[in-house]
Amino acid sequence: MACSGGPDSETGPAQATAAPSGSVAAVCDKEPAGPATAPAGAVVVDPAVPGDLAAKTRSAGAGTTFWLKPGKHILGDDRYDQVSPKDGDVYLGAPGAVLDGRKINQYAFTGHAVNVKISYVTVQGFAAPRDEGVVNHDSGDGWVIEHSTIQDNDGAGLMAGARQQVRGNCLRRNGQYGMNAYSGGSPLTALVVEGNEIAGNNTGDWEAKVDGCGCSGGVKFWAVNGADVRGNWVHDNHGTGLWADTNNNDFLIEGNLIENNDSAALIYEISYNAIIRDNTIRKNNWVDGRRKADKSDNFPTPAIYISESGGEPRIKARTAKIEISRNYLENNWSGITLWENADRFCNSPANTSSGDCTRLVPSVKQCAAPAITSGALLADCRWRTQHVDIHDNKFVLDQAVVGCQASCGRMGLLSNFGTYPEWSPYRGDNVQEAITFKQDNHWHDNSYAGPWTFIAYSADRVLEIGEWEGAPYSQDTGSTYTAQAGG
């Protein structure tokens, strides 16, 4: 399901904004029609009867198939009027079947039932609170959501449970996220997100409302252990496109088209072990990059941001590193940044995920002085940016298209000087030395077009190509460079 415009295609800057076609998941307003007549044995749901869907779900046994007739289906007038499926229930929408919350109901489908299936249904107008979702609100396991449109809701269009499959859907214009893959219980496993169009989410502009909340974008993943994210079109979200945050592991992110998002195309943060390959990534981070540049912030604001994340062979996954390969990145604000905050670690007041420890240490309380100052805890209390392999990617930059000068077109491999808290064993330049020289982070065999520069060690150390390739950094062995912009 690879996207058009990849490294070997003829797509250049002049075609970069063309509508995607072929295998790209341009599914919004093009969803296949559901069954025009009720399948044998299905319970027919009538839009002329308010609350008919919820009432018939309550009265039917587990494993019932419900067929929603064409038209607008509504629930009751209480905010907690909602549908609570039983195990194995199936909801099929006829052509034109819409479930509308009218900004009265908070949730559409709730409860802990397993193996629920929702297909060919438009779900819209629900008023979920911040960090909560409309469909699969309680993160039931084994749900399948396919060929449905989930749009114009507050909060997240979808939550996620273990073994959830989200295929061929239109997730657009939701107030916070298209999907919030979060469960308050055990880590989510075996999540599939494939062939969806994820567009225009975070209409509530949550980053402006709550400074530094990190709570917006196309999809947010929290503590997911195993995810395949393939063949999606992730575009025009008011924030990050795809954001894996806090103890995620074993991700395969491939064949996606990620473009025109206000922030990064992809953030992989305090997480482990991922394969990121064969994606087309273009025109991302223009809004956030320009905003920071206007404030004279010299951080290399990237399209792919690896933040306190890396390969860890002690944690089971299909890879023991973060491998970023065969991607085509065109006219983003910058390229790829590997970052490790020296002051952010388990039990540090500077860790925004304050209640979480690394996957290698079971208790936050263990990461305290004096135990943290030596032995295994000295390493394992950190989320380390390590074993990152960046190769065979193509980076294209035309500054006239992006509308930037020296502040864009950068790669970054850096940390800050550690200062906080006073008992931290990572103060000083220890982490800067480690991420730059000692943690097996390498660019090699890439292709560059345009005026690229490189930041290493600290944000004020800007390198030209020769300095980046030479000692002591020794990056981008075997890479090629073309001075002019374009494909």
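User: How far apart are the end C-alpha atoms of residues 137-285, and what are the helix and strand shares of the span?

Analyst: They lie 30 Å apart. The span is 3% helix and 48% strand. Helices are DSSP runs of H or I with at least four residues, and strands are runs of E with at least two, numbered from the N terminus. This is a predicted model: local features need pLDDT of at least 70, side-chain atom pairs count only at pLDDT 80 or more, and totals for chains, interfaces and linings use all residues. Residues are numbered from 1 along each chain as its sequence is written, and side-chain values use heavy atoms, without hydrogens and water.

User: What makes the chain as compact as a globular protein of its length?

Analyst: Its secondary structure comes to seven helices and 37 strands. The radius of gyration is 23 Å, close to the 23 Å that the globule rule gives for 487 residues, so the chain is as compact as a globular protein of that length. The radius is taken over C-alpha atoms; the rule is 2.2 Å times the number of residues to the power 0.38.

User: Why does Leu 99 count as buried?

Analyst: Buried means under 20% relative accessible area (exposed is over 50%, partly exposed in between; 1.4 Å probe, protein chains only). Leu 99 has 0% relative accessibility, so it counts as buried. Across the chain, 59% of the 487 residues count as buried.

User: Which residues is Leu 99 in contact with, leaving aside neighbours within four places in sequence?

Analyst: Among them are Leu 53, His 73, Phe 109 and Thr 122. Contact means heavy atoms within 4.5 Å. Leu 99 and Thr 122 are 23 residues apart in sequence, yet 6.1 Å apart C-alpha to C-alpha. Leu 99 sits in strand S5 (residues 97-100).
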